[in-house]
Amino acid sequence: MDFFQKLGNTLSNTGKDIAKKTKDMSDISKLNHEITKQQEAIAKTYSQIGKFYFENYSELDYPELKEFCNSIKEANQKIEDFKAEIIQIKGIINCPNCKAEVSTTAAFCGSCGYKLKEETENSEVAEEPSESTDSNEE
Ligand SMILES: [Zn+2]
């Protein structure tokens with residue numbers, strides 16, 4: 001009898017301990033989650049500050065910041081290059097007007113008739129300067 005009572009007490013104490021530990025763990029994980037949320041908010045704000053600076057003040061003479069701005073410019077340039085590469089591989093672009101897929105060689109969108117030639121001339125780096133001031137051959 002005594003043994004079973006002791007055992008019972010031990011088990012219920014252990015049960016309470018486990019319950020408390022479980023609650024502690026879930027409280028801690030909730031708090032850690034809140035910390036992560038705040039850290040993400042800070043990171044987002046840092047990024048907004050950076051973007052604001054980049055868009056408005058990147059030409060100011062802060063040498064340290066200028067390096068950051070240049071690395072963003074380089075990354076943007078790389079993104080454009082990679083996008084151009086994807087377009088070359090796919091052989092199609094999306095019409096800037098109606099978003100229809102059109103061949104990179106098309107001068108006009110087959111869907112809406114939007115003039116594409118100027119767009120491709122801008123993005124492609126000097127493939128063939130085609131200023132037709134003299135005569136129209138071809
Ligand atoms: Zn179109």
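What follows is a walk through the predicted model of this chain, from its overall layout to its less certain end. Residues are numbered from 1 along each chain as its sequence is written. Because the model is predicted, local features need pLDDT of at least 70 and side-chain atom pairs count only at pLDDT 80 or more, while totals for chains, interfaces and linings use all residues.

The chain comes to three helices and two strands, taken as DSSP runs numbered from the N terminus (helices are H or I, at least four residues; strands are E, at least two). Read from the N terminus, the order is α-α-β-β-α. Not much of this is covered up: of the 138 residues, 4% count as buried. Here a residue is buried if 20 or more other C-beta atoms lie within 10 Å of its own, exposed if 12 or fewer, and partly exposed in between, with C-beta atoms placed from the backbone. Contacts are pairs of residues whose C-beta atoms, placed from the backbone, lie within 7 Å. Of the contacts in the chain with a separation of 6 or more, 2% are made by residues 24 or more positions apart.

Helix H1 takes up residues 2-57, and its end C-alpha atoms sit 80 Å apart, in agreement with the 82 Å that its 56 residues should span at 1.5 Å a residue. The expected span is 1.5 Å times one less than the number of residues. None of the 56 is buried, so H1 lies largely in the open. Lys 51 belongs to this helix and is exposed, with 11 other C-beta atoms within 10 Å. Its C-alpha atom is separated by 9.4 Å from that of Cys 69, 18 residues apart along the chain.

Helix H2 (residues 63-90) tells a similar story: 40 Å is expected for its 28 residues, and its end C-alpha atoms are 40 Å apart. H2 is hardly covered, with zero buried residues. After H2 comes Gly 91, with a positive phi near 75°.

The largest nonpolar core is made of five residues, Ile 93, Cys 95, Val 102, Cys 109 and Leu 116; such a core is a set of buried Ala, Val, Leu, Ile, Met, Phe, Trp, Tyr and Cys residues joined through C-beta atoms within 7 Å. Leaving aside residues up to four places away in sequence, Cys 109 touches Cys 95, Asn 97, Cys 98, Ala 100, Val 102, Tyr 114 and Leu 116. Lys 99 is in the loop between strands E1 (92-94) and E2 (101-103). Phi of Lys 99 is positive, near 70°, in a residue other than glycine. Lys 99 counts as exposed, with 11 C-beta neighbours inside 10 Å.

As for confidence, pLDDT runs from 0 to 100 for each residue. The chain averages 82, with 84% of its residues at 70 or more. Among the elements, E2 has the highest mean (90) and helix H3 (residues 117-123) the lowest (53). Over residues 119-133 pLDDT stays under 50, and the model has three contacts beyond four places in sequence for them. Where pLDDT is low, the predicted coordinates should not be read in detail.

How values were computed
pLDDT = per-residue confidence, 0-100.
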